[in-house]
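This report concerns a single protein chain and its computed features. Please examine the sequence and the model shown below before reading on.

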Amino acid sequence: MAAVVEGLEAEEAAAAEDGARLAVEAADAEPGAPPVLAGNWLNLDLYPGGCHRLLHLCAQQPSPLLQVEFLQLSTHENPGLLESTLDQVPWSQLRLRSLVLKGGQSRGALGACLRGTLTTLPAGLSGLACLVHLDLSFNSLETLPACVPQLRGLGALLLSYNCLSELPEALGALPTLTFLAVTHNCLQRLPTALGALATLQRLDLSENLLDTLPPEIGGLSNLSELNLASNRLRSLPASLVGLQSLQLLVLHSNLLTSVPAGLAHLPLLTRLDLRDNQLRNLPPELLDAPCVCLQGNPLGEASPDPSSPPGIPQDLEMPTLFLTSDVDSFPVTPQGCSVTMACGVRLQFPAGATAVPVTIHYRLWLPEPSLVSLGPHDSLLSGVLELWPHGVAFQQDVSLRLLFVPPRARRCHEVVVRTRSEDSWRDLETHLEEEAPKRLWARCQVSHFSWFLVVLRPVSNACLVPPEGTLLCSSGHPEVKVIFPPGVTEEPCHVSMQVVRMASRELRALLGEPEAAVSPLLCLTQHGPAGFLCPVTVQLPLPPGVTGFSLDRCRLHLLYRAPPAATWDDITGQVALELTHLYARFQVTHFSWYWLWYTTKTCVEGLARKAWERLRLHQVNLIALQRRRDPEQVLLQCLPRNKVDATLRRLLERYRGPEPSDTVEMFEGEKFFAAFERGIEVDAERPDCVEGRICFVFYSHLKNVKEVYITTSLDREAQAVRGQVSFYRGSVPEEVPQEAEAARQRKVVDALWMATLPIKLPRLRGSAGHRQGPGLSLVPLNLGDAETGFLTQSNLLSVARRLGPDWPAVALHLGLPYQELERIRHKFRDDLDGQIRHMLFSWAERQAGQLGAVRHLVQALEQSDRQDVADEVRAVLELGHHKYQDSIRRTGLALEDPALPGPSAQQPLEPAQA
């Protein structure tokens, strides 16, 4: 809303919002009827035929437009009608402060916003003496209308997503302009008069064709934000260092080879974004400045051969696609494109990436062990993105950006994108990008499509070992080294190293020994032959507090683990340990896991296994809360112990329930499930529900949360039902005892039972039950289609039971007029359930047989802040879709496509919500 009312007073903006809400509620749904003005706000971009409505208001005497201060009109109209309408408006008589004439409300087949038909403005619009905000975005303007520079009171001017190739010099005559946005146009040059805008504070010129900037831009003394991203700038004028008020300067995705060193001395600068340019050398003051972002530059690299052909610039007409949540594919042509998905994933296909047009499909899966490859000390930071066709090689690498959850601590760890190549997983070279606090992307280059996920792993150091030998050191623990002598291998081979440290206090608590200590845990991996031709020397630091001159060699143990076995073997007597004052060295002929222990215990293999498990365990609590206004809605969640208090403070305004469970220890990726007991059952079919039990997979950085609707076969009209939900480890077994008291006495890691929390369904009173109200006939109906799934009468009744007092907001977003809501309220004035059912089923009967009805319902639920019900509807549709696919496969009607091995080759999984 701030961008819409830029420059207006806060009180006026609040009044505008209230006026818009009242106008929407009071709008008459009958075609041809004029909108009802609410206060000083007239919003015509919500209705079809906005031009006709505006003409109707102009014809009235006295004209209601005289009281309007905020006017919005969609430019998705017939061009002739739009031009004629704007010519007939008596602009000089109006007291408009904000005028929005923009497109973008309609979307193309791929989800991209479409431009409106506006190409010019009438000269009479210059008579708007009070206008401070003008938005002409998403139109077809090729030149700036002459009336715009004459609006001397203008404070905010938005011209983004047009076809402007230049701006007039007269633009510098706007004395009060504070915000100017001209993004996504075709600007090739800027007027020198731009520097005369002394009051300008924010200037956004990103996504244009600018190759130079006028020196006069340094005269913008009050400029605080300047965005020049995604242009063709090769250099910057020295006058930029005179922008003493500048706080944010964005220059990423240009062709810059140098920048003025004085930018580092701007007193208020908090961020200088120079990513993805051609910078090879920078002044030290810029290299060391904490506010400078330099990823994607060839810093330190030699200049290219002058005889080689220059790089091909990005295609001027490369399309940009913004995909909505209901789109699962998009086309890519040799021209290339930029794609932003609803789930936050971004793709950049350079020109020439494909030789022929190809359709790319995508899907975001919820994490599942069969789809996620994690090492013993890895953590998952994102869902699983699948892009197909799999294995199709691109002629140029495609840039992939994945949104991920920021890890709590990254010391000695790194974030990488992991992908599946044929039958194995590998980690890609990954760069991190931060758009806002706690909003991070992992960026990588990919040559073909498969599955992708973001993982936090211990820092990995790798090298190529030649026949003449080499040295490999750990970057996080420099004292850990591996020495490869000459002749160690006949052919060069790749090796890698990971180091994991264990806190001494955890080990001492585990062993009950104050003097126990261990070295960092070392994992060595070799890619190629199973062994080496001669021994390799490994150096580990001695455990903390131990020196080579004072240690008791009888207490020193070298432990070895060979995956996939979980056992550790004491090999101290099988190797020759060479001790110095600080280090222990030994020789090996093949790689695995190594750990140096110092303890008085004699049999340390079992203790090492427990200590290794302790390194990988997470301490969590389980919660089960019921929604205050709908006790049949239960929120189940598994939380790391340090997040429980903050999460409960956030939830307890809408939920109530018992205290969290006792602390439980779980591994990353461990399966568990929730079983409702003592008369409580899951109310609806769900893809993650097996025999009435809800399946979970624990990932420490992701939200392990499910919203479940429950019911009971017991008589709730007689008394409340007091049940419970129990959490058990492992995959769902065939039988779970109702009362597993014996199992609940074993509070150890291997115990099946983890926790039990009480659930109460209150007694039903009066019409609060699920009986059908009077005066409503629920005819059988289905919404949807066979392939995407149906919503049946039973499903709609389930949705109706969830809505509660939120039903009027849902009805308005479904398109029901305000008058109809009032009629429903009056007819069922003593029956809330009757109001909800009548609204929902009367709407559903009108939508029968129409495409997009279910999608409209889901969007209405989301817009009404009922994401929980929207998720339930999606789950029902997904379950129906899987059943439909299974049925056509059983009857032999499914077409096998060998080029798409992903989804068809796996068991159906629940898709992640965007």
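The text below covers model confidence, salt bridges, a group of paired strands and one loop residue.

**Basis and confidence**

The model is predicted: local features require a pLDDT of at least 70 and side-chain atom pairs count only at pLDDT 80 or more, whereas totals for chains, interfaces and linings use all residues. Residues are numbered from 1 along each chain as its sequence is written, and side-chain values use heavy atoms, with hydrogens and water left out.

The pLDDT, which is the predictor's confidence in each residue on a scale from 0 to 100, averages 81 for the protein, and 83% of the residues score at least 70. Residues 305–316 stay under 50, and the model gives this stretch 6 contacts beyond four places in sequence (a contact means heavy atoms within 4.5 Å). Residues 891–914 also have a pLDDT below 50, with 38 contacts beyond near neighbours in sequence. Where pLDDT is low, the predicted coordinates should not be read in detail.

**Salt bridges**

The structure holds 24 salt bridges, each defined as a side-chain nitrogen of Lys or Arg within 4 Å of a carboxyl oxygen of Asp or Glu. Three of them are listed here with the separation of their closest N and O atoms.

| Pair | Closest N and O atoms |
|---|---|
| Lys102 and Asp135 | 3.8 Å |
| Arg271 and Asp273 | 3.9 Å |
| Glu414 and Arg457 | 2.8 Å |

The pair Lys102 and Asp135 links distant parts of the chain, with Lys102 in strand β3 (residues 98–102) and Asp135 in strand β4 (residues 133–135), 33 residues apart. Helices (H or I, at least four residues) and strands (E, at least two) are DSSP runs, numbered from the N terminus. Solvent exposure is classed as buried under 20% relative accessible area, exposed over 50%, and partly exposed in between, using a 1.4 Å probe and protein chains only. On this scale Lys102 is partly exposed at 23%, while Asp135 is buried at 5%.

The pair Glu414 and Arg457 likewise links distant parts of the chain: Glu414 belongs to strand β20 (residues 413–421) and Arg457 to strand β24 (residues 451–458), 43 residues apart. Glu414 is partly exposed, with a relative accessible area of 22%, and Arg457 is buried at 13%.

In the remaining pair of the table, Arg271 is partly exposed at 26%, whereas Asp273 is buried at 3%. Both residues belong to a network of salt bridges that also links Arg275, Asp276, Arg401, Glu433 and Arg443.

**Strand β28 and its partners**

Strand β28 (residues 493–500) is largely enclosed by the rest of the structure, because 6 of its 8 residues are buried. Two strands are taken to pair if DSSP finds at least two bridges between them. Strand β25 (residues 460–465) is joined to β28 by 6 bridges, and the two run antiparallel; here Cys463 stands opposite Val495 in β28. Strand β30 (residues 521–527) also runs antiparallel to β28, through 7 bridges, and Ser496 stands opposite Thr525 in β30.

**A loop residue**

Pro514 lies in the loop between α5 (504–511) and β29 (517–518). Pro514 is exposed, with a relative accessible area of 68%. Its C-alpha is 9.4 Å from that of Ser504, and the two residues are 10 apart in sequence.
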